[in-house]
Amino acid sequence: AYDSFDHGLSLFNQGRFAASIPYFEDATHENPEFGQAYFYLGRAYISQSQWRAAIQPLRTAFRLSPREAQDAIMDLILDATFAAALNDFRLGGEHGPPPVRSKEIL
């Protein structure tokens with residue numbers, strides 16, 4: 001798990017967020033209690049504007065992290081949740097309002 005994480009972290013630190021995701025995923029599969037891997041997986045998804053994908057790994061990171069790290073993780077969870085909802089609203093996704101037809105405006 002640590003080799004996968006280290007490789008992912010190296011890519012993440014180079015700004016290669018999409019390339020880092022599979023390594024962080026591998027690290028979480030190899031060690032399901034590896035909170036830092038979940039944290040960086042969530043951050044990598046956020047860096048790719050994949051808001052919904054970021055939420056679950058960040059929630060797991062929150063659960064596995066020490067109390068002093070949880071506030072920062074919670075901020076990221078809230079940001080990702082808000083951005084996902086806003087994105088759905090803008091795109092008129094399944095969670096957004098129905099489209100307004102011109103006759104309904106009159």
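In the predicted model, D88 counts as buried, its relative accessibility being 12%, and this residue belongs to helix α5, which spans residues 67-91. The assignment follows from the cut-off applied, because buried means under 20% relative accessible area. The side chain of D88 is in polar contact with the side chain of R52, at a distance of 2.3 Å. The two residues also form a salt bridge, in which the closest N and O atoms are 2.3 Å apart, and the structure holds 1 salt bridge. This pair links distant parts of the chain, since R52 lies in helix α4 (residues 51-64) and D88 in helix α5, with their positions 36 residues apart in the numbering. Side chains of opposite charge can pair when their charged atoms come close. The two partners can also be described by their cover: R52 counts as partly exposed at 47% relative accessibility, whereas D88, at 12%, is buried.

The setting of this pair is a chain with 6 helices and 0 strands, so that, with helices and strands taken as DSSP runs numbered from the N terminus, the order of elements reads α-α-α-α-α-α. Of the 106 residues in the chain, 35% are buried.

Helix α4, which carries R52, also contains P57. P57 is buried, with a relative accessibility of 8%, a value that falls in the buried class because that class lies under 20% relative accessible area. The C-alpha atom of P57 is separated by 8.8 Å from that of G35, although these residues are 22 residues apart along the chain.

The loops on either side of helix α4 each contain a serine with a feature of its own. In the loop between α3 (35-47) and α4 is S49, which has a positive phi of about 60° although it is not a glycine. S49 is partly exposed, its relative accessibility being 46%, and this class applies because the value falls between the limits of 20% and 50%. In the loop between α4 and α5 is S65, which counts as buried at 15% relative accessibility. A polar atom of the S65 side chain lies 2.5 Å from the backbone oxygen of A61.

Charge is also grouped on the surface of the model, where D3, D6, D26 and E30 gather in a patch of negative charge. The elements that contribute two or more residues to this negative patch are α1 (2-13) and α2 (17-30). Among the members of the patch, E30 is found in helix α2 and is partly exposed, with a relative accessible area of 46%. The accessibility of E30 is compatible with membership of the patch, because patches are made of residues with over 30% relative accessible area and no salt bridge. D88, by contrast, is engaged in the salt bridge with R52 and has a relative accessible area of 12%.

Note on methods:
Residues numbered from 1 in each chain as written. Predicted model: local features only at pLDDT ≥ 70, side-chain atom pairs only at ≥ 80, totals over all residues. Heavy atoms only, no water. Patch = residues over 30% accessible without salt bridge, like charges linked within 9 Å, V, L, I, M, F, W, Y side chains within 5 Å. Areas by Shrake-Rupley, 256 points an atom, 1.4 Å probe, with all protein chains shown as cover. Salt bridge = Lys/Arg side-chain N within 4 Å of Asp/Glu carboxyl O. Lys, Arg positive; Asp, Glu negative; His and termini not counted. Charge placed at Lys NZ, Arg CZ, Asp CG, Glu CD. Helix = DSSP H or I, 4+ residues; strand = E, 2+ residues; numbered from the N terminus. Buried < 20%, exposed > 50% of the residue type's maximum accessible area, 1.4 Å probe, protein only. Polar contact = N/O pair within 3.5 Å; in protein donor to acceptor, adjacent residues only side chain to side chain.
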